[in-house]
There are 2 protein chains.
Amino acid sequence: MAWIIVSQAESVKDDRPRLIRVSTVFPSRIKAEDMFCNSSPCCNDAGFLQKNNSLDEKSRMVGAFKESAKNQMSCDNSERFTRAETDFSNLFARDLLPAKNGEEPTIQFLLEVVEILTNYVASTWSCLTNQSRWSRSWWTAETRSSMESEQVRAHGAITTPSNHDLVKLFTYEIAPVFVLMEQLTLKKMREIIGWTNGDGDGLFSPGGAISNMYSVMVARYKYFPEVKTKGMSAAPRLVLFTSEHSHYSIKKAGAVLGFGKENVILLKTDERGRVIPADLEAKIIDAKQKGYVPLFVNATAGTTVYGAFDPINDIADICEKYNLWLHVDGAWGGGLLMSRKHRHKLSGIERANSVTWNPHKMMGVPLQCSAILVREKGILQGCNSMCAGYLFQPDKQYDVTYDTGDKAIQCGRHVDIFKFWLMWKAKGTIGFEQHIDRCLELSEYLYNKIKNREGYEMVFEGQPQHTNVCFWYIPPSLRVMPHGDKRREKLHMVAPKIKAMMMECGTTMVGYQPQGDKVNFFRMVVSNHAVTKSDIDFLIDEIERLGHDL
Amino acid sequence: MAWIIVSQAESVKDDRPRLIRVSTVFPSRIKAEDMFCNSSPCCNDAGFLQKNNSLDEKSRMVGAFKESAKNQMSCDNSERFTRAETDFSNLFARDLLPAKNGEEPTIQFLLEVVEILTNYVASTWSCLTNQSRWSRSWWTAETRSSMESEQVRAHGAITTPSNHDLVKLFTYEIAPVFVLMEQLTLKKMREIIGWTNGDGDGLFSPGGAISNMYSVMVARYKYFPEVKTKGMSAAPRLVLFTSEHSHYSIKKAGAVLGFGKENVILLKTDERGRVIPADLEAKIIDAKQKGYVPLFVNATAGTTVYGAFDPINDIADICEKYNLWLHVDGAWGGGLLMSRKHRHKLSGIERANSVTWNPHKMMGVPLQCSAILVREKGILQGCNSMCAGYLFQPDKQYDVTYDTGDKAIQCGRHVDIFKFWLMWKAKGTIGFEQHIDRCLELSEYLYNKIKNREGYEMVFEGQPQHTNVCFWYIPPSLRVMPHGDKRREKLHMVAPKIKAMMMECGTTMVGYQPQGDKVNFFRMVVSNHAVTKSDIDFLIDEIERLGHDL
């Protein structure tokens, strides 16, 4: 269970959320007020919100600490580890390292963790005899809404060592708190998408590629349910549509699921990487004329390279007209839904039939944490259930619709929800919003810095929609060269060479790739708001230092 | 990164391996001699082996500790957290809690962790500037074989906060140590399977169901590669074979991949749940006569309910005769390969084309940790690659065959290998063997205890092959009832009722299910060797206490 500590430690570095009370380090210590408290004063009408924390972080940072730490760390440690009375209820994560003067509260925090750990081993060692303190109220409606502390405490059972598979999401009886956390969080995400009452269904999956695969499976099941039993030969030739800039997982899903990748039709994009809706409609008509059956359209919210957002409303109009499944791949851009400033880029997402949204990308949750969200209730179950009676017994004494195992293509699933839930509790919706707004500000800073700078060319015009800033660095020797194949060839080599030198120097690392007919260019992406403007300045200095003589 | 601590904390409870030096808590501190040291004295000729640790654990256990801990925990804590000089090189995990007198070393161990954590925050806070200390030797052959400490230290970069996706398995440059760990460990697993030189390929996937799905995909690609491009309509009607006792994921793979679940043909088993080879051959012939094309046979090594091992050699003979892909689903039973005493149950596995093996089941690795292993090199890549140039640049300055991303159906993958690798380093192959042998001994103890006990009936005759012990408890009221439908109906209700009472009492929990025409029976599975005979005695007492008056 100690991975809960991880979330704490990591949040200290890449964010300054309000500190979750140390007593939440183990599920057995989670208090009711630390669960979803929609009615308590710590939440506002947007739900899930928590106190706003000032982000004036730079003044508090590590410069001063580093020196003092160096001095202290060689000293006698017995003094460092003196336990003192600490009021954790007034402690915020931003007070911990790397904050200035953060060492003492950090150590006190960690000592509290040590105490909980050692106490915990003592109190849970007896295996079977203390295994599960279930009570009848566990599976009542009240439990699900109130999640009172007594019931939550019972979940400490999940760590007893006599059950090999208790920390997985599979059935309610095995992981009741995690199942409920997943349900509540998915519902909250569906509300944020804009589906009425947050209705629908969903799952956390092992990544965006699998989430996208789910969307194609569910679309197929919706229109051709007999494929589940009889195979693809029971359906006509089905075609899927996605942009040429979309993630390769849509094409991969086509190959894996038996559509064939040539039946994944790539749509043209404008110069900024956004699908051209007219091209979609033309290709639908063309496919129908050939006798194929259009099934599914993927609209990307935040493409991998350009960070482009396809025009969802225009695409949704076409999908409605031709009765096609609309999926929005928001693996990368879904996080912007948390930002009042930027969520307009996903306008129309509420019209989607399914959405992929990876909190492990833009929202900074440690990998893996990806959600597939489906508007129609029950269809995930219908699509994937095999009714394995030996695993899912209908005669249990609780509501077995909480057993999620049979609607996944996996059997037991890793518990991806807890770290996300804990982070959401710690940062609040506003914390995520600040995180995202900050990352976009930093990208804007980079964009403004280089857009007119000598030696740079932007890959597309105008401010990027997401944090992807795509650019070429043109070394002085190329600046005087006439445009043409020779310059292209040389420019193609620049980014790989600079990256290789960066890696050998060990100073920094930045990605590059070609795209379509465009030769290799750099793509700088910011998803961690601990990055500073000086880091970005450093990156540009480094590119110029290493690339100047190429 | 603190999840490494978890592995430590958990191993303390469910095993007594040699303590990994605290300095390995972070990858940046891993020393060369802690990596795969095939030539050092700590390894013997079976490779991967470590010092044998005595398992005489019970005498050291927690009983005495609990009392003293209770007393201490209410005391002044400042004294508990006094740092003392501790020689960790002589400390073993079995010396930590819940061992008798384990509190002090445990606290010292955790204080060391606290120190590493706080030092780590100080030394890595500067984001981009210290990001990656790559050196040229990182991608030389020597690196891969020697993994010298300097290079490993460089991998500390993975935790710098400016890269949102550095703790995932995707490309070598992003996670070089983890990529190498995965490759070395998969090779070791293939050697243990018995494939020449450990050749072949493999991946860690998010679970056994996905691993099994990979096997079907690869088989399809082997025989009908055009399906990848053209879809299932490019192939004849393909059929898959698996036993009626096999895991439902094979059928699910059939549905997902577009074969259709009616084309997954279920094979008859003997009374102990093992495939009847003659039935396989008969069904192959029957399918061919109908014009279908047999493609794939799954042999289960350790079925979910009975723990049965299909006769792999007999099945392999048939697969060779009819040129079919042979997959062994060893998700549950694969761990027995680590046991010299029990691995004969998987005889013939070296003839398989692919193997699923979940270290997160019988070997006690925390979920998720599942491997799909394939005998033919390159076929995973061929099956799954989409050649996404924007993600996998061929012009990098290292050997890009180490970029594993494109052979997975996922994009970035969670790092499942590290905990397994660390556990293997800590326990050694012998440690796993002891773990497994111990679990089987405990099951044998349970079997012997109840096989002739009044009020019990075994679901199948003879000693179970795996740790699954399947039995009915017959309450006194049913013992006098004549066999027939009425008794069956009543017996069907017994296990659910007892389980519900167990959960309400909170004393223990044990699974049940029906199977074929057999009414609900208990299935007791041991996969954690911390379980004791007294736990098993308690379970039986509890069943009798709760079930006596039913």
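## Helix pair α16 and α17 of chain A

In α16(A), the residues Ile498(A), Met501(A), Met502(A) and Cys505(A) make contact with Leu539(A), Ile543(A), Arg545(A), Leu546(A) and Gly547(A) of α17(A). Sorted by class, this contact between α16(A) and α17(A) holds seven nonpolar, one polar and one charged residues. The model is predicted.

Helix α16 of chain A covers residues 485-505 and helix α17 of chain A covers residues 533-547; they pack at an angle of about 105°, and their axes are 10 Å apart. An angle of 65 to 115 degrees counts as roughly perpendicular, so α16(A) is roughly perpendicular to α17(A).

## Chain A overall

Chain A has 550 residues, and 65% of them are buried. Its secondary structure comprises 17 helices and 13 strands. Of the contacts in chain A with a separation of 6 or more, 71% are between residues 24 or more positions apart.

## The seven-stranded sheet of chain A

Chain A contains an open sheet of seven strands with mixed pairing, in the order β2-β8-β7-β6-β5-β3-β4. Its edge strands in chain A are β2 (201-205) and β4 (264-267), and each of them pairs on one side only. On average, and with direction ignored, neighbouring strands of this sheet are turned by 20° against each other.

Helix α7 of chain A, residues 176-193, packs on this sheet and touches β2, β7 (354-357) and β8 (370-374) of chain A. The direction of α7 makes about 115° with that of β2(A). Elsewhere in the sheet, strand β3 of chain A (residues 238-243) runs parallel to β4(A), and four bridges join the two. Phe241(A) has Ile265(A) in β4(A) as its bridge partner.

## The four-stranded sheet of chain B

In chain B, four strands form an open sheet with antiparallel pairing, in the order β10-β11-β13-β12. At the edges stand β10 (456-458) and β12 (511-515) of chain B; each has a single partner strand, so one side of each has no neighbour in the sheet. Neighbouring strands here are turned by 45° against each other on average, direction ignored.

Strand β11 of chain B (residues 469-473) pairs with β10(B) in the antiparallel sense over three bridges, and Tyr456(B) stands opposite Tyr473(B) in β11(B). Helix α14 of chain B (residues 417-450) lies across β10, β11 and β13 (518-524) of chain B, and runs at about 30° to β11(B). Helix α17 of chain B (residues 533-547) also packs on the sheet, where it touches β10, β11 and β13 of chain B. The direction of α17 makes about 25° with that of β11(B).

## The β12-β13 hairpin of chain B

Strands β12(B) and β13(B) run antiparallel and are joined by four bridges. The bridge partner of Gln513(B) is Phe521(B) in β13(B). Two residues lie between the strands of this hairpin, and Gly516(B) takes a positive phi near 55° in the hairpin.

## Buried sites in chain B

Helix α10 of chain B (residues 249-256) is largely enclosed by the rest of the structure, because seven of its eight residues are buried. The buried residues of α10(B) are Ser249(B), Ile250(B), Lys252(B), Ala253(B), Gly254(B), Ala255(B) and Val256(B); a lysine is thus listed alongside the alanines and glycine. Just after α10(B), Gly258(B) has a positive phi of about 95°.

Ser215(B) belongs to helix α8 of chain B, residues 208-223. Buried means under 20% relative accessible area, so Ser215(B), at 1% relative accessibility, counts as buried. With residues up to four places away in sequence left out, Ser215(B) touches Phe296(B), Trp325(B), His327(B), Ser354(B) and Ile372(B).

## Cysteines

A search of the whole structure for disulfides finds zero over all chains. Two cysteines of chain B fall under the same 20% cut-off for burial: Cys319(B) counts as buried at 3% relative accessibility, and Cys369(B) is buried with a relative accessible area of 0%.

Note on methods: Residues are numbered from 1 along each chain as its sequence is written. Chains are lettered from A and ligands numbered from 1 in the order in which they are written. This is a predicted model: local features need pLDDT of at least 70, side-chain atom pairs count only at pLDDT 80 or more; totals for chains, interfaces and linings use all residues. Side-chain values use heavy atoms; hydrogens and water are left out. A disulfide is a pair of cysteine sulfur atoms within 2.5 Å. Buried means under 20% relative accessible area, exposed over 50%, partly exposed in between (1.4 Å probe, protein chains only). Two strands pair if DSSP finds at least two bridges between them. Axes are lines fitted to C-alpha atoms, for helices over the stretch in contact, and angles run from 0 to 180 degrees between N-to-C directions. Contact means heavy atoms within 4.5 Å. Angles under 35 degrees count as roughly parallel, over 145 as roughly antiparallel, 65 to 115 as roughly perpendicular and the rest as oblique. Ala, Val, Leu, Ile, Met, Phe, Trp, Tyr, Cys and Pro count as nonpolar, Asp, Glu, Lys and Arg as charged, and the others, Gly among them, as polar.
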